[in-house]
Every structure is written in C-alpha cells, then in structure tokens.
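Take a look at the sequence and the fold below. Then follow the report strand by strand.

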Amino acid sequence: MFPLKPPKATFKSYLLPQTEDKIAPEPRLKKLEPVLLPGEIVVNEVNFVRKCIATNTSQYDLWGKLVCSNFKISFITDDPMPLQKFHYRNLLLGEHDVALTCIEQIVTVNDTKRKQKVLGPNQKLKFNPTELIIYCKDFRIVRFRFDEAGPESAKKVCLAIAHYSQPADLQLLFAFEYVGKKYHNPAKKVNGIDPGGGGGGQLTPLFETYSDWDREIKRTGASEWRVCSVNEGYMISTCLPEYFVVPSSLADQDLKQYSYSFTGRRMPMWCWNHSNGSALVRMASIKDQLQQRKIDQRICNAVTRSHPQRSDVYKSDLDKSLPNIQEIQAAFLKLKQLCVNEPFEETEEKWLSSLDNSHWLEYVRLFLKHSAELVYMLDCKHVSVVLHEEEGRDLSCCVASLIQVMLDPYFRTIAGFQSLIQKEWVMAGYPFLDRCNHLKKSDKESPLFLMFLDCVWQLLEQYPSAFEFSEAYLTILYDSTRISLFGTFLFNSPHQRVKQSTEFAISKNIQLGDEKGLRFPSVWDWSLQHTVRDRMLFHNPLYIGKSAPCVHNGAVKYFKRSKKNYSSTLRGLPPSLKNGIISEQDFLPRRNSLILKLKPDFLHHTDSTTNGMEQYFREWFSKPVDLHGVILPHLSGTQIKLWKLCYFRWIPEAQINSGGFITAFHKISLLADEVDVLNRCLRQHSGTPPLLTNTSELDQSRMYFRANGLSDSSTTPDFLSSSFPFSPVGNLCRRSILGTPLSKFLSGAKIWLSTETLANED
C-alpha cells in the first residue's frame, strides 16, 4: 500500500537556483484590414501612414494603413478620432474612405527636394513622395504623410490611386465588378424600389415600363395624352426612354417621320399636367430648317388639341433665357475655389464680394425666376408650356423639375421627389457620365444637377413645412452621384446602360435571360448606404402632411389644414418684406453683401403679359401660403442664400460646436416625436389599431432625435455641431483660424463690432 504523503527529498544542492528567463509575449498587433464589397479588390497598400487632421499641428494626427482598392481609398486606423462624437454612417464608405469617383485631383509632394506633382493616369513619379494631398469633388481636402512608411511603397500606392481613379473605359468603373459578383437573374422584374425613408413602404417608380408612365398620366389627369412605345428597343432615339408620353392626336407613324428632324432624334416629351388641363412639354430643337416651321406647327397643334380649352402653347427658349452649362461650370469652379481656399485670413475681407462675383447665387436665382414665370403661364394663364433647348437634355431637366416641385405637392414628398428625378433626369437622358465626369476626361463637365438641388434647397429653406425631406437628404443625394455603384447616376442614357452592361455580361459569361442589360443597384434603395436610424435624417420634422389624425369622441378623424392655419406666419411683417416682394430701395447693393446686382425683375416690364404676371405674384404673395398648393420662390438678393451645409461641412472654421441650426433641428425633432407619441396613445386609448402593426412603437417614429417621454427635458447632445450630420469635428485637414473675426463671430461675438476689435478680443 502506497503512503499518502510523498517521501522527503534526500538530495541537497549547494548551487543557487537558476532563474528562467521568461520571454514576454510580443504585443499582438491588430491586423488592419479594409471592409470590401463584392467585386472589390485591394490593388495596393502602405503601412505606417499618418493622416493629417490640422495643418498647423500634428497633435491630432492619426496613424494607420492607407489602402487603394478598385472602388475607394481607405484609411484604416485604431486611433480614436479626436473630438469625435459622430453618429452618421455610410455602409459603403468608412469615416476615412473616399470613393475613387469623388477624387478631383491628386498631388504628391517631396519635402526635401521641394517638388510637387499632379498625378494623372499612367504617369511616372521620379521622386519618393513624403506627402499625398487629395482634392475631392465634395470640397474635402485629405492629406497623408509617409514619414515612417517605406518610400517605394508610398510611391506605388500613389500611382495606384492615380491610375484607378481615372479609368480609361466606362466598364472599368466599380459598379460593373460589383454587379458581376452580385448579379442574380430575378424570376420577376420588380417595378419600383423601396425609398428606404424610414417607413411608409411606398415605391419609387423607375419609369422603365409602360405601366409607370400610364399611372403618372392617370395621377395628373392627363386624359388627352397617351404612352408611346415607338422607341421600344431604342429603335428611334438612343437618348430617350423606351416609353414616354405624347399627345393622343399624334400617331406613331407621324412620330417616326418627325423624329429625323429633331436634334438627337429627341421627339417632344410630356412631363406633367395641371388640373386645369395645361401641360408641360420638353422638346429639342428642329435641325431641319426646311421642315422646321411645318413640324413645329404640327407639334404645337397636337399639344393644343390635348388641352380641354384648346388653349395656345407658350414656348420658352431656355438657351436664350438661362446660362449655359459652361457658364454654370465656371461659376461652380469659382465657388469651389472660394470654399477650399487657404489661408482663410487673406480672403476673409473680400469673401462676400468674391462669392457675388462667382455668379453662382445669381444663376440659382435665374433658374428659380424663370421657372416661376412658367408656373404663372401654366397655373394662371391656363396655357401649355413647351421647353425648347438645343438637345433637350440639360437646362430643360432642371427647369421642368423645378416647375413640378412648385406646382405639385406630391413631388415635395420623398417618394415623389425621387420619382421626379427618375422621370426628368435619369430616364429623360441627362448625361450624368459626362456632366459628373466619372472618367475624368470629359470637357462637358457641369454641376447642373447640383444647381437643381440648390434651387430645391432654396425652396425648402423658404417653405420648410411644405417638404417631407430635409436638407441632409438633399446633401446625401448629391454625395451619391459621386459613388460609382449606382446605375442611377452612372450613364448618359438608359440605352447606354443597356448597351454597356450587355457587352460586359457577354464578356463575363453572365446569363441575362429576358433582362435588358444588368440590373444595377438603384440609389433609391437607401438601405444599401444607411441604417434605418440614419435614414430618419431624411425626414423634415417641420413637414405638415396632407392630413393629420384627430381623435374626437373616441373616433379617429382626419382634417385638412386650411389656409387659416398659416396666416399667423405673415403677421407683423412690413409690407415691403411680405413673401419676398421688396421695394425699389431694397435693391440697392451694400458693400460686401450677398445682395446681387439684380436684372430687371417681374415688376419692371411693361407688356400686358408681364403686368398680368405682376398681378399674379402680388396676389399670391399677399395670401397665406397653401403648403399643399402652389409655392413660389422669394427672389430678392437677401432671400437667395448659400447652401452652407453642403458647401461648408468640411471647413472647421465654419462649425459651431453644440450650436448652429442643428440645435433648433434637435428641439423640433423632440417636439415632433412627442406629438407622434401622443397621437399613438390617443389611437390606442380609442381602441383603434396602430397604423404599423409589425413594428414596435419605438420604430414607428420618423425622427432621428426621439423624446424619452412627455416630460423629457434633455439638453442638446454634446456631439452636435453646425455641420451635423456630415463632418465630424476635428476630422479635417484645414488650417486653423482661431482668433480671426469669423471665428469670433461664430463663438458669439457681437456682429456690429469692428474687424479690428474682434481680432484683438481675448
């Protein structure tokens, strides 16, 4: 039997025990890897890169890896963002990512040799870069330092970014690779995309089918118009959709015959019908001089016969009335230079006059003014309007869309606005590929779509309760044009999408079945980019819908808000300022002011038409605004503003921490959510089932900021700044201007103090 205790050791050692050297395990470095989409591959990368946050200090710089893929440049870091309390996210792009199609210019710098070079595609770089500066199309400037990185690796990644951001062919854009990996032939074609606006479930029609156009005809009551399928298979025109609307009196054979006389064979195309019967039509110029008078007369007669009162047709020559795309591009370049110019101290005193000289705000005003004049013809004179343009693909897109936004409240909702862009821009053949310059080689680049969004923002700013969407939605929509994933903003026409995607499918052995080309992701499927919570930012808390629920004697009733509900907004205003009708002395420009040198306005013409127009505008502006009727823009210089959230969001000196308009947005959102909660409680109390039974009460809210309860008294969150929800505070690469007059003003200094006093203030 073995003893329970082990025997004592009999060996005795007289040597000191040797201590084992314990090798401490090396700290495991977290592998920094980019998040890749289907079809996205890494083409080059470099470690130990420093992203510069401020140009005058390296205190807030971030360390990480710079990666170039065939979709984006991605900076991956473990460092926490300084002053970063930022909730807005894009599911396709990280906080430090830039889509390749958003890159405007790439500049490499070598400090020791004092050299710099603007990199183009297939160029050589004779020096090792110590710094990389990327100028983006959305006004961002991103800087990276390679002080600790391998010089050859830094050079290779710079050349890779230059090469992949300037593709030689359309099919090299990332959308083709993405669709090639993700494409599945659907059993049934889906005719519409969920707008992803945080609820509602209403589809956005794509106007790719006969039924979409037919529904729009019935929605507007255009009884004397029909859907035409003469262009099926793009047999007549490659820059028109397969289906569009024409007067019922025009036979298909006549359209085929007339089409040869139009520029680009773009036949007249119906846009919209007023309830009084007047129609809005777009038409390219007639290049056949011999047949011009005859064809023009026949088209106008057909439009006249489609009017219940057989009213005359009013023709508007947009090429003569509005700036061309080259002038708009020149104004935009001046605006961009003004917004990214540094050092700011040297330009501050002349900033407002420089903005005036860029003519951007003047062009915004001209588009609004001309559109309002045509609203008068449609709404008051009851005549149909034909928009004439050389090719009918640029200015008419913008003017036709603005007219419909002013006249039709449906287009002021999220789903309606998206259908408007799909109808008047995407399917009508606006050349997004050339105007956005996705391939970096177009001499026809022009920001006309941004001009349109800016004009809509002016209306939203003037009538916030008339629009369901917010300015954050408009800004995100503009940003989406710079992401090379959505077929919505990638092509010059629907025909080009079909042709290019079919060729790509054949080269990749993709079976299309009955589909006409690959089905690219639509930008209206917002779930690809944003979470449900972030999509709540699309909703305007001030929006007043067509009707609102009211509980009376236990029953839910709906009432329409009448004009009387809004009359209080006009009280207390001097007559000269009501609704933008200003007196002659208000036209006088002040030094360094935003008031433009206005061209003759509605009030300065003498003919009978303009006298009637003057009377129409005076009567309209003298009445309370009907948010679900016609809205007209304020056109004085003081009313046309600069869209700061879009143009200034990357500039730290224009941000106000815990302040700015976002504080009002926060409070209004809380109030709107409280009202929504009360309405739901009242419905439940009356025994009425909730409107959305499959979702929780919390998810029914459309507000980004929610009230915790009816007695909620929460203060403004710390993470808010005047650029919310876009630019995180501190995540910028711009020179600090602390101590300048503007920074003092933003910090709350009194605006009537002199510049010198502000500059010397502690």
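What follows describes the sheet, its pairings and the helix beside it.

The model is predicted. Eight strands build one open sheet. Read across, their order is β4-β3-β2-β1-β8-β7-β5-β6, and they pair antiparallel. Where does the sheet end? β4 (98-99) and β6 (115-118) stand at the edges. Each has a single partner strand, so one side of each has no neighbour in the sheet.

Helix α1 (residues 151-164) packs on this sheet. The helix touches β1 (42-52), β2 (62-69), β3, β5 (103-110) and β7 (131-136). The direction of α1 makes about 115 degrees with that of β1.

Now move to the pairings around β2 and β3. The table lists three of them.

| Strand pair | Bridges | Sense |
|---|---|---|
| β1 and β2 | seven bridges | antiparallel |
| β2 and β3 | five bridges | antiparallel |
| β3 and β4 | two bridges | antiparallel |

Each pairing can be pinned to residues. Between β1 and β2, glutamate 45 stands opposite valine 67 in β2. Next, lysine 65 stands opposite isoleucine 76 in β3. Strand β3 covers residues 72-77. In β3, isoleucine 73 faces its counterpart across the pairing: valine 98 in β4.

How are β2 and β3 joined along the chain? A hairpin links them through two residues.

How many residues of β2 are buried? Seven of its eight are, so β2 is largely enclosed by the rest of the structure. One general point helps when you view any strand. In a regular strand, side chains alternate between the two faces of the sheet.

Conventions. Residues numbered from 1 in each chain as written. Predicted model: local features only at pLDDT ≥ 70, side-chain atom pairs only at ≥ 80, totals over all residues. Heavy atoms only, no water. Pairing = 2+ DSSP bridges. Helix = DSSP H or I, 4+ residues; strand = E, 2+ residues; numbered from the N terminus. Contact = heavy atoms within 4.5 Å. Axes fitted to C-alpha atoms, helices over the stretch in contact; angles between N-to-C directions. Buried < 20%, exposed > 50% of the residue type's maximum accessible area, 1.4 Å probe, protein only.
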